[in-house]
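Welcome! Take a moment to look at the sequence and turn the structure around, and then let us walk through it together.

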Amino acid sequence: MNVKTAFLNGNLEEDVYMTQPEYFVDPKNANKVCKLQRSIYGLKQASRSWNKRFDEEVKKMNFIQSEKEPCVYKRFSGSVVVFLIMYVDCCP
């Protein structure tokens, strides 16, 4: 599965502000800034916040993270073992 907007699903734990994006400036409030409610590409914490959220959600589905390889998760269901292997290409 290829998810092009993965980093947009990260939750921010701190307050992050940015200037209004070019071509989307509100003329009545041109001097104001935007407070981000979600992570976006380009933030230093974007990959970490997304990875933390991914880890939390996968563990809710009874996957267990490998101690030796943190990008590998496994789940046991009777005699069936399911492996989930995550790879993130940081360059769009």
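**A walk from the helix outwards**

Asn62 follows helix α1 and has a positive phi, near 70°. Keep in mind throughout that this is a predicted model.

Let us step back from Asn62 into the helix itself. Helix α1 covers residues 46-60, and its 15 residues, at 1.5 Å a residue, should span 21 Å; the C-alpha atoms at its ends are 22 Å apart, so the expectation and the model agree. Which residues of α1 are buried? They are Ala46, Ser49, Trp50, Asp55 and Val58. Several of these positions lie three or four apart in the sequence, and a general rule is useful here. An α-helix has 3.6 residues a turn, so residues three or four places apart point the same way. Among the elements that cover the buried residues of α1 are the strands β3 (64-65) and β4 (72-77).

Two of those helix residues, Ala46 and Trp50, reappear in the largest nonpolar core. This core has five residues in all, and Ala6, Phe7 and Met86 complete it. If you pick out Ala6, you will find that it touches Tyr41 and Trp50, once residues up to four places away in sequence are set aside.

Now move to the loop between β2 (33-35) and α1, where Ser39 is found. Is Ser39 buried or exposed? Its relative accessible area is 1%, which is under the 20% cut-off, so Ser39 counts as buried. The side chain of Ser39 is joined to that of Ser49 by a polar contact of 3.5 Å, and Ser49 is one of the buried residues of α1. Beyond its neighbours within four places in sequence, Ser39 is in contact with Phe7, Leu8, Gly10, Leu12, Ala46 and Ser49. Two of these partners, Phe7 and Ala46, belong to the largest nonpolar core.

Next comes the sheet. Three strands form an open sheet in the order β3-β4-β5, with antiparallel pairing. The edge strands are β3 and β5 (80-85), each of which pairs on one side only. Between β4 and β5 there are six bridges, in the antiparallel sense, and Tyr73 has Leu84 in β5 as its bridge partner.

On the β3 side of the sheet, look for Ile64, which is found in that strand. With 44% relative accessibility, Ile64 counts as partly exposed. Leaving out neighbours within four places in sequence, Ile64 is in contact with Val72, Tyr73 and Lys74. Ile64 and Phe76 are 12 residues apart along the chain, and their C-alpha atoms are separated by 9.0 Å.

Another loop deserves a visit: Gln20 sits between β1 (17-19) and β2. At a relative accessible area of 14%, Gln20 is buried. Its side chain reaches the backbone nitrogen of Asp26 at 2.7 Å. Apart from residues up to four places away in sequence, Gln20 touches Val25, Asp26, Asn29, Ala30, Lys32 and Cys34.

That last partner, Cys34, brings us to the cysteines. Cys34 is partly exposed, at 27% relative accessibility, and Cys71 is partly exposed too, at 29%. How many disulfides does a search of the whole structure find? The search finds zero.

Note on methods
Residues are numbered from 1 along each chain as its sequence is written. This is a predicted model: local features need pLDDT of at least 70, side-chain atom pairs count only at pLDDT 80 or more; totals for chains, interfaces and linings use all residues. Side-chain values use heavy atoms; hydrogens and water are left out. Helices (H or I, at least four residues) and strands (E, at least two) are DSSP runs, numbered from the N terminus. The expected span of a helix is 1.5 Å times one less than its number of residues. Buried means under 20% relative accessible area, exposed over 50%, partly exposed in between (1.4 Å probe, protein chains only). Contact means heavy atoms within 4.5 Å. A polar contact is a pair of N or O atoms within 3.5 Å; within protein, one must be able to donate a hydrogen and the other to accept it, and residues adjacent in sequence count only if both atoms are side-chain atoms. A nonpolar core is a set of buried Ala, Val, Leu, Ile, Met, Phe, Trp, Tyr and Cys residues joined through side-chain atoms within 4.5 Å. A disulfide is a pair of cysteine sulfur atoms within 2.5 Å. Two strands pair if DSSP finds at least two bridges between them.
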